[in-house]
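Q: I'm new to this one, so please pick a single part and take me through it closely. Then show me what lies around it.

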Amino acid sequence: NDNYQVTSNFVCGNFTGGEGAGIAHFGLSDGGVIADNTVLFNENFNQGLTVNGGGILISGQPPQGCPAGDLACLDDPNRSLSEGSGSVSIVRNLIKGNAAGAGDGGGIRTSRVNGQDTRRGRNTAPQRLWNRIEIVNNMITNNVAALSGAGISLHDTLRATIVNNTIANNDNASVASEAFEPGNPSVSIAQPGAGIVSRTHSFELNHFLPATEDAFSNPVLSDNIVWQNRMFNWMVAPDGSFSGLCPDLGGLG
């Protein structure tokens, strides 16, 4: 559906083994608005998969995909790129106490926002037609991510505007599998970006982008309060006397 609105809801205490525990916009739906909601204490977790988006998820569907080594398929955007999510605005929500228990984006996660929209027709589509995300006037506090982006995590999101938000007291636990070096399960690496994290574009999307585009999600940031977001890592003492989360006192969240 285009131009949908999810407004003035109380979304609390939901759990999923997939992505988007509280509110999930999944697939192509342009012009949506998620506004004036209270999104509290929602969690996703999956023991065997990286799943993202504890509070709010905006994501396009996965692309059809290409067999390994099939270069002709890779050059076909209809097969190798997601349809994208469409343009979505996230406005005036309270997003608090949510958890991405096995991945990114405790508060908000955007993923596969852009894809085929960048390749409409035979030539590259005008950039003014690309899908866009607006995150405006939200309170994003006290959320947790097992990996990074406890407040906000952006991936394959070429045009994002993050304005007038309070992003505070969000914690990266750094306990997801990607936070550990292979062969060393006793100590994880504290993951940066507890307030906001920006991920490198997928190989498929980057393959089609002009050289002038950044290789990562690079939002417009203006008039936000990003405050006291923290990074932790998991540690087992060499003598086995304790184990648990340790704050990364020298890190920037």
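**A close look at one loop**

A: Let's start with Gln47, which sits in the loop between strand S7 (43-44) and strand S8 (56-59). Strands here are DSSP runs of E with at least two residues, helices are runs of H or I with at least four, and both are numbered from the N terminus. Keep in mind that this is a predicted model, where local features need pLDDT of at least 70 and side-chain atom pairs count only at pLDDT 80 or more, while totals for chains, interfaces and linings use all residues. Residues are numbered from 1 along each chain as its sequence is written, and side-chain values use heavy atoms, with hydrogens and water left out.

Gln47 is exposed, with a relative accessible area of 70%. (Exposed means over 50%, buried under 20%, and partly exposed in between, using a 1.4 Å probe and protein chains only.) To get a feel for distance, take Thr118: it is 71 residues from Gln47 along the chain, and the two C-alpha atoms are separated by 34 Å.

Gln47 also helps line the second largest pocket, along with residues including Phe45, Asn46, Gly48, Leu49 and Thr50. Other parts of the chain join in, among them Gly101, Ala102 and Val175. A pocket is found on a 1 Å grid over the protein atoms alone, as an open set of points where a 1.4 Å probe fits, with protein on both sides within 12 Å along at least five of seven lines; lining residues have an atom within 4 Å of a point. This pocket has a volume of about 160 Å³, volume being the space filled by probe spheres set on the grid points, which are joined across faces, edges and corners. By class, its lining has five nonpolar, six polar and one charged residues. Here Ala, Val, Leu, Ile, Met, Phe, Trp, Tyr, Cys and Pro count as nonpolar, Asp, Glu, Lys and Arg as charged, and the others, Gly among them, as polar.

Now follow the two strands that flank the loop. S7 belongs to an open sheet of seven strands, ordered S3-S7-S11-S15-S19-S23-S24, with mixed pairing. Strand S3 (15-16) and strand S24 (243-247) stand at its edges with a single partner strand each, so one side of each has no neighbour in the sheet. Two strands count as paired if DSSP finds at least two bridges between them. Over at the S24 end, strand S23 (residues 230-236) pairs with S24 in the antiparallel sense over five bridges, and Phe232 stands opposite Pro247 in S24.

S8, on the other hand, is part of an open sheet of five strands with parallel pairing, in the order S4-S8-S12-S16-S20. Its edge strands, S4 (23-26) and S20 (196-198), each pair on one side only. S4 and S8 run parallel and share four bridges, with Phe26 opposite Ser59 in S8. Side chains alternate between the two faces of the sheet in a regular strand. In S4, Ile23 and His25 make up the covered face, while Ala24 and Phe26 are on the uncovered one. Across the sheet, three bridges join S16 (residues 152-154) to S20, again in parallel; Ser153, for instance, has Val197 as its bridge partner in S20.
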